[in-house]
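Here are my notes on the model you sent over, set out as numbered points. I hope they help as you look through the chains.

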2 protein chains.
Amino acid sequence: MELKDCFPFWERLTAAERSELEAAALVRGVEAGVPLHTGSADCDGLIAVMDGQIRAFILSPEGRELTLHRLVPGDICLFSATCAVPGLRFDVSVEAEKNSLLWVLPPAACKRLVARSLVFANFIGEVAASHLSDILWLVEQVLWKSFDARLAEFLLEESELEGTGKLKITHEKIAAHLGTAREVVTRMLRYFQDEGMVRLSRGCIELLAPDKMARLTAKK
Amino acid sequence: MELKDCFPFWERLTAAERSELEAAALVRGVEAGVPLHTGSADCDGLIAVMDGQIRAFILSPEGRELTLHRLVPGDICLFSATCAVPGLRFDVSVEAEKNSLLWVLPPAACKRLVARSLVFANFIGEVAASHLSDILWLVEQVLWKSFDARLAEFLLEESELEGTGKLKITHEKIAAHLGTAREVVTRMLRYFQDEGMVRLSRGCIELLAPDKMARLTAKK
């Protein structure tokens with residue numbers, strides 16, 4: 001995946017802007033589990049995912065996590081570029097979920113392009129607005145959707161991301177994604193198993209009735 | 001409050017852009033309690049508050065509300081301009097909390113300026129990023145802060161907005177701001193009263209110990 005595949009506006013940049021973007025962008029490989037960005041203290045710049053998978057999450061004072069976004073190839077993450085995006089001030093952590101290959105556009109270049117290129121500025125605005133929409137959706141989920149629906153939705157999404165109905169993921173990890181405790185996840189998964197929706201075995205959750213789970217997610 | 005006072009980037013616009021903004025912007029007066037915008041079905045354009053106070057909120061399927069933003073003179077609201085801001089897709093309602101006077105920049109003009117003016121595009125990106133930061137803060141509040149701290153914070157903010165320690169606000173309204181039920185608010189207010197932090201009387205909450213309440217909000 002080339003740089004231009006990550007930036008949908010590539011064709012609309014001037015030749016000079018393309019050169020600047022190409023000269024500034026760095027390729028970075030990260031292993032699964034490695035933190036890429038830890039809150040607003042540092043500023044790593046804009047991240048575009050070439051290969052693999054990363055996630056952005058927030059962390060409570062007690063260390064509880066909640067996943068904000070999961071980014072797959074072609075996705076752009078703004079949360080690692082707090083310093084380069086005026087108006088953005090928030091501690092969001094970013095880590096690799098799988099071994100990943102990223103394009104990183106350092107803060108200085110990012111700032112320069114935002115200030116000079118209308119196309120780039122519009123793109124950043126669009127990514128910010130899109131992140132905003134996603135987070136609003138998340139607020140609704142957390143606030144108003146029951147946990148069974150959120151868990152079903154997460155398992156279906158995970159199954160789609162992995163391209164399999166047999167998920168290798170711990171209850172602990174699911175809890176970190178959904179901002180809850182492991183026990184809560186385990187209890188609900190046992191209920192799902194009793195209902196014939198999943199089969200649980202050591203380190204694996206097998207989805208048996210995705211259609212039934214999808215109906216659950218539609219429920220409020 | 002003139003148009004240029006609402007748009008901090010005014011000085012950096014070209015003469016043509018200023019004329020376009022001035023020609024397109026409409027003044028609109030709204031009475032307290034009047035809905036300004038009801039979700040993504042309609043698109044009213046960008047709203048800048050000249051006078052009064054408005055709020056943006058989301059609504060659960062059961063009609064429960066949660067306030068996202070409260071906007072005072074000089075503030076800009078993007079949520080009423082879903083169609084004019086690419087990447088923004090979300091049902092947010094906006095209503096006047098007080099009798100208000102607004103600048104409204106209709107969607108077509110908003111779109112045109114975003115597409116043509118770098119200064120304007122940067123500003124929209126900044127407002128989106130700033131909204132995003134606010135909502136992330138709210139997610140943390142809802143998810144991880146105990147309700148006593150959230151209520152104390154709301155009362156202190158309300159007191160500051162109104163410039164008085166005697167708040168004329170119903171428990172029902174507070175519940176709508178904080179995304180909870182009236183009973184929950186009433187119960188907590190009684191606890192605050194027992195602790196000597198407030199005095200409750202018909203339709204009025206008097207703050208007696210703002211310092212004690214401030215300490216409560218600092219607590220996680």
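1. Domain bounds here come from an automatic or database domain assignment. This is a predicted model, and the assignment splits chain A into domain 1 (3-142) and domain 2 (146-218). The C-alpha centres of these two domains of chain A are 28 Å apart. Domain 1 of chain A brings 13 residues to the contact and domain 2 of chain A brings 14 residues.

2. How are the two chains related? Chain B falls on chain A after a rotation of 180° with 0.0 Å of shift along the axis, and the RMSD is 0.0 Å. The two copies are thus related as by a two-fold rotation axis. If you would like a landmark for that axis, look for Gly125(B): among the residues of chain B, its C-alpha comes closest, at 1.9 Å.

3. The interface fits into this picture as well. Of the interface residues of chain B, 100% are also interface residues in chain A, so the copies meet through the same surface.

4. For anyone thinking about ligands, the pockets may be a natural next stop. The largest pocket holds about 760 Å³ of space. It is lined by 32 residues, and those closest to its centre are Leu68(B), His69(B), Arg70(B), Asp75(B) and Asp134(B). Two or more lining residues come from each of β5 (65-71), α4 (118-144), α5 (147-162) and α6 (171-178) of chain B. Which element gives the largest share of this lining? That is α4(B), with eleven residues.

5. By residue class, the lining of the largest pocket has 16 nonpolar, eight polar and eight charged residues. As for where the largest pocket sits, domain 1 (3-142) and domain 2 (146-218) of chain B both contribute to its lining, so the pocket lies between them.

6. Chain A has a pocket worth setting beside that one. The second largest pocket has a volume of about 440 Å³. Its lining numbers 18 residues, with Leu68(A), Arg70(A), Trp137(A), Leu138(A) and Glu157(A) nearest the centre. At least two lining residues are supplied by each of β5 (65-71), α4 (118-144), α5 (147-162) and α6 (171-178) of chain A.

7. The lining of the second largest pocket divides into eight nonpolar, five polar and five charged residues. Domain 1 (3-142) and domain 2 (146-218) of chain A each give at least three residues to this lining.

8. Turning to the sheets of chain A, one is an open sheet of four strands in the order β1-β8-β3-β6, with antiparallel pairing. Its edge strands are β1 (26-30) and β6 (76-77) of chain A, each of which pairs on one side only. Within this sheet, β3 (residues 46-51) and β8 (residues 100-105) of chain A run antiparallel and are joined by five bridges. To find the register, start from Val49(A), which stands opposite Leu102(A) in β8(A).

9. Another open sheet of chain A has three strands in the order β9-β11-β10, again with antiparallel pairing. Here β9 (166-167) and β10 (198-201) of chain A are the edge strands, each pairing on one side only. Four bridges connect β10(A) with β11 (residues 204-207) of chain A in the antiparallel sense. One pair to check by eye is Val198(A) and its bridge partner in β11(A), Leu207(A).

Definitions and conventions
Residues are numbered from 1 along each chain as its sequence is written. Chains are lettered from A and ligands numbered from 1 in the order in which they are written. This is a predicted model: local features need pLDDT of at least 70, side-chain atom pairs count only at pLDDT 80 or more; totals for chains, interfaces and linings use all residues. Side-chain values use heavy atoms; hydrogens and water are left out. Copies are superposed by least squares on the C-alpha atoms of residues with pLDDT of at least 70 in both. Contact means heavy atoms within 4.5 Å. On a 1 Å grid over the protein atoms alone, a cavity is a set of points where a 1.4 Å probe fits but cannot get out, and a pocket is an open set with protein on both sides within 12 Å along at least five of seven lines; lining residues have an atom within 4 Å of a point. Grid points are joined across faces, edges and corners, and a volume is the space filled by probe spheres set on the points. Ala, Val, Leu, Ile, Met, Phe, Trp, Tyr, Cys and Pro count as nonpolar, Asp, Glu, Lys and Arg as charged, and the others, Gly among them, as polar. Two strands pair if DSSP finds at least two bridges between them.
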